[in-house]
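Reader: I have a structure open and some labels that I would like to understand. Could you go through the reasoning with me?

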Amino acid sequence: MRKFLLTLFILAAVSAIASLVAGLEGRLRVTLMGFDVATDLSVAVGAMLVAALGLILVVLTAQFFLRLPARLQTRRAMARQRIGTQALAEALMALARSDAEGARASVYVARRKLPHEPLPLLVAAQTDLLSGDAPAAEGKYRLMASDTQNPALSKLGLEGLFYLARVQNPSEAEALAHRALAQDTKTAWALEGLMALAVQYSDWDTAERWLRHLARSGAGRKKVNARRAVIHVAAAQALAVEDNAEARRLALKKAEQASAAAPDLVPATALKAQLQAREGNHRKARKTLRDAWVRQPHPHLGEAWLAAHADQPA
């Protein structure tokens with residue numbers, strides 16, 4: 001409807017201008033370099049209007065052809081983006097259903113159509129891991145990590161390399177995490193990874209230090225408390241096996257701290273009750289387990305419940 005009304009308006013305007021020009025009276029005479037040209041004023045004005053319209057048409061046509069290559073390039077880029085995005089979505093769906101071959105075929109298309117995007121390379125590395133080809137995945141992660149022009153892609157590569165090295169080569173994993181923190185001091189996976197490595201080394205002070213860094217990086221209170229509880233539980237378990245009174249006392253203290261930091265963490269509560277019972281505080285241990293059972297019934301509390309009743313006859 002709008003186009004129809006606009007067309008009517010243009011036709012009416014052209015008709016009005018033509019009628020106005022046709023009604024002009026008088027003659028126009030031009031003398032230039034010995035040539036004398038005389039014509040009606042309406043004819044002269046009409047000729048100038050036609051010349052102006054012709055010039056505008058020529059300019060618009062030239063602009064159209066000058067911009068045509070850029071428009072075609074934009075259309076091709078949009079088509080590549082659309083095809084690449086669709087292929088990437090198909091690759092992710094294939095990964096979700098553990099279809100390594102389907103993921104590999106789709107990610108090949110995605111990498112061709114989106115050569116400068118980080119996600120296709122990451123999905124390709126994940127596809128290699130799904131296929132059991134860890135060296136190929138490591139090569140792709142290293143390629144990502146070496147990209148100095150794209151810090152986000154570099155951090156993704158470092159993260160992939162970290163998780164590959166964490167079990168087999170902890171020292172390399174630690175160096176990779178430090179590289180990521182050098183790029184961004186608030187990189188959550190690097191902070192959590194260094195904390196986990198410290199727990200693996202039974203270095204509780206270092207684990208606490210990295211936890212404080214994690215808290216300052218903006219991690220939520222609930223997440224920080226959960227990580228703190230895990231550290232305290234690990235420390236309590238390590239101390240509980242030592243055969244001296246001071247270690248047992250510290251183990252119970254750590255278990256109590258873990259339970260306080262994350263009351264819903266069942267292993268922390270169970271360990272706390274077991275250590276309380278081992279110290280002879282069976283009544284306190286039973287109360288700890290009853291309170292935990294009210295909050296969150298869990299089969300893991302059963303073993304601790306038996307330990308809490310060791311002072312009573314069978």
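Author: Happily; here is a short talk about what the labels rest on. One thing to keep in mind is that this is a predicted model.

Reader: Thanks! What does the protein chain contain overall?

Author: The protein chain has 14 helices and 2 strands. Of its 314 residues, 31% count as buried. About 20,000 Å² is exposed by the protein chain, and carbon and sulfur atoms supply 61% of that area.

Reader: How do you know that the length of helix α12 fits its number of residues?

Author: Helix α12 covers residues 266-278, which makes 13 residues. The expected span is 1.5 Å times one less than the number of residues, and for α12 that comes to 18 Å. From first C-alpha to last, α12 reaches 18 Å, close to the expected value.

Reader: And what about α11?

Author: Helix α11, residues 245-261, has 17 residues and reaches 24 Å, close to the 24 Å expected.

Reader: Why is α12 called largely enclosed?

Author: A residue is buried when its relative accessible area is under 20%. In α12, 10 of the 13 residues are buried, so the helix is largely enclosed by the rest of the structure. Among those buried residues are V266, T269, L271, K272 and Q276.

Reader: Which residues of α11 are buried, and what do they pack against?

Author: The buried residues of α11 are A247, A251, L252, A255, A258, S259 and A261. They pack against α10 (221-240) and α12.

Reader: What comes after α12?

Author: G280 follows α12, and its phi is positive, near 95°.

Reader: What makes a space in the structure a cavity?

Author: A cavity is a set of points where a 1.4 Å probe fits but cannot get out. The structure holds 1 cavity of 30 Å³ or more. About 50 Å³ of space lies in the largest cavity.

Reader: Which residues line the largest cavity?

Author: The lining is made of P263, D264, L265, V266, T269, A292, R295, Q296 and L301. The elements that give two or more residues to this lining are α12 and α13 (282-295).

Reader: How do the lining residues divide into nonpolar, polar and charged?

Author: The lining of the largest cavity has 5 nonpolar, 2 polar and 2 charged residues. Asp and Arg count as charged, so D264 and R295, both in the lining, belong to that group.

Terms used: Residues numbered from 1 in each chain as written. Predicted model: local features only at pLDDT ≥ 70, side-chain atom pairs only at ≥ 80, totals over all residues. Heavy atoms only, no water. Helix = DSSP H or I, 4+ residues; strand = E, 2+ residues; numbered from the N terminus. Buried < 20%, exposed > 50% of the residue type's maximum accessible area, 1.4 Å probe, protein only. 1 Å grid on protein atoms, 1.4 Å probe; cavity = no way out; pocket = protein on both sides within 12 Å on 5 of 7 lines; lining within 4 Å. Points joined across faces, edges and corners; volume = space filled by probe spheres on them. Areas by Shrake-Rupley, 256 points an atom, 1.4 Å probe, with all protein chains shown as cover. Contact = heavy atoms within 4.5 Å.
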